[in-house]
Amino acid sequence: MIDSRPFGLLLNPRHGVPGVIVLPAGGFRRARAAITAWPGYAPTPLHDLPNIAPGVAVLRIKDESGRFGLGSFKALGGAYAVAALLSGDLSRRGLALSASAEALADGRYRDATESITVTCATDGNHGRSVAWGAQRFHCRCVIFVHETVSQGRMDAIAAYGAEVVRVPGTYDDAVREADRRARTEGWFVVSDTSYPGYTEVPRDVMQGYRQMADEAADQWSGPPPTHVFMQAGVGGAAAAVSVQIRARFGSAPLLVVVEPEQAACLFASALAGAATAVGGSLDTIMAGLACGEPSLLAWQELERAAFAFMTIPDAAAVGTMRLLADAGLYIGESGVAGLAALLLAAQDAEARAKLRLDAASKVLCFGTEGVTDSFLYQILLGLHSR
């Protein structure tokens, strides 16, 4: 267990209300066919975690630390969206009809794709995926990071040939700068957040993310999960998990969306009853979740599909990282948030009642990143001094 700490909990009053179809099934079928055909594809493991959370029957975590060697589930979304974007652009220009990822990767259209630049903002993992996709499919890449992204994460992006540009402010400021430069320079934005007038590429990103949840459903044994605890930044991954878990298990699993207490735009949106941005420095160690503005598509799914929203302190993430390391699992600070929320709620009688957690509960969590910055990881776990 981890130490008990204060946390936020809000049951969603709109849970179960019918809404729009955010991620059509056909789009996921295309994403799954493409991703599972990539060299090096293999499902990531689903681990049992017995005796970690008191008072639940089953606890399992999907470990994304080995995904395509990129260290996070983001490899599924950004790179797939790059391939889809390049294929669409070649088709519009009359250069190729539905160019496959394989054809893009083998350089068949390199003369055309090398003139294309893709860009995005990132806290680290999404930018690495976009850079990897750009390198693999032979186009230029410029990635914008905000002022608190670590040098280790910047270096990891640059290792895939991308130009990395640091800008002042928060992740949301970097999103706006990437969009501004793309408009000025004629680049293509490959973002994992969506906003009015920009939804199709983020939809492809989210369709790629669904593969993670689809694998988890394939790997799940016994009665289906009763609960899914999933962390969120702008909400794209949580929404993708929501859609796919519902597609595979129906409406029975209750989705709990988890954010850092200092960057909780979805919690604020649920309180307000509409997509709501939060300001401030968004200062949290959970860098991949440090987002102040919800994704439009994600909110359209989560505003009705999430059963509850939770916020957690940084200390809970650190405690959970340490607990997992003791069990031989090395999950990064953003990747443990969902599990940390479960561990906090499991110790609190009122939260257990509200979330319908009991001795028969079967819980699925997602360890969405591995150790993506080893120096920072060691500092957080007290293994290295600053």
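A cavity is a set of grid points where a 1.4 Å probe fits but cannot get out. In this predicted model, there are three such cavities of 30 Å³ or more. The two largest are described below.

**The largest cavity**

The largest cavity holds about 290 Å³ of space. Its lining is formed by 25 residues, and those closest to the centre of the cavity are F73, K74, D192, G288 and L289. Two strands and two helices each give two or more residues to this lining: strands β4 (117–122) and β8 (227–231), together with helices α5 (125–137) and α9 (236–249). By class, eleven of the lining residues are polar, ten are nonpolar and four are charged.

**The second largest cavity**

In the second largest cavity, the space amounts to about 40 Å³. The residues that line this cavity are C120, A121, Y171, V175, A178, D179, V189, S191 and Y195. Strand β4 and helix α7 (171–185) are the elements that give two or more residues to the lining. The largest share comes from α7, with four residues. Seven residues of this lining are nonpolar, one is polar and one is charged.

**Linings by residue class**

| Cavity | Nonpolar | Polar | Charged |
|---|---|---|---|
| Largest cavity | ten residues | eleven residues | four residues |
| Second largest cavity | seven residues | one residue | one residue |

Strand β4 thus appears in both descriptions: this strand gives two or more residues to the lining of the largest cavity and two or more to that of the second largest cavity.

Methods:
Residues numbered from 1 in each chain as written. Predicted model: local features only at pLDDT ≥ 70, side-chain atom pairs only at ≥ 80, totals over all residues. Heavy atoms only, no water. 1 Å grid on protein atoms, 1.4 Å probe; cavity = no way out; pocket = protein on both sides within 12 Å on 5 of 7 lines; lining within 4 Å. Points joined across faces, edges and corners; volume = space filled by probe spheres on them. Nonpolar A, V, L, I, M, F, W, Y, C, P; charged D, E, K, R; others polar.
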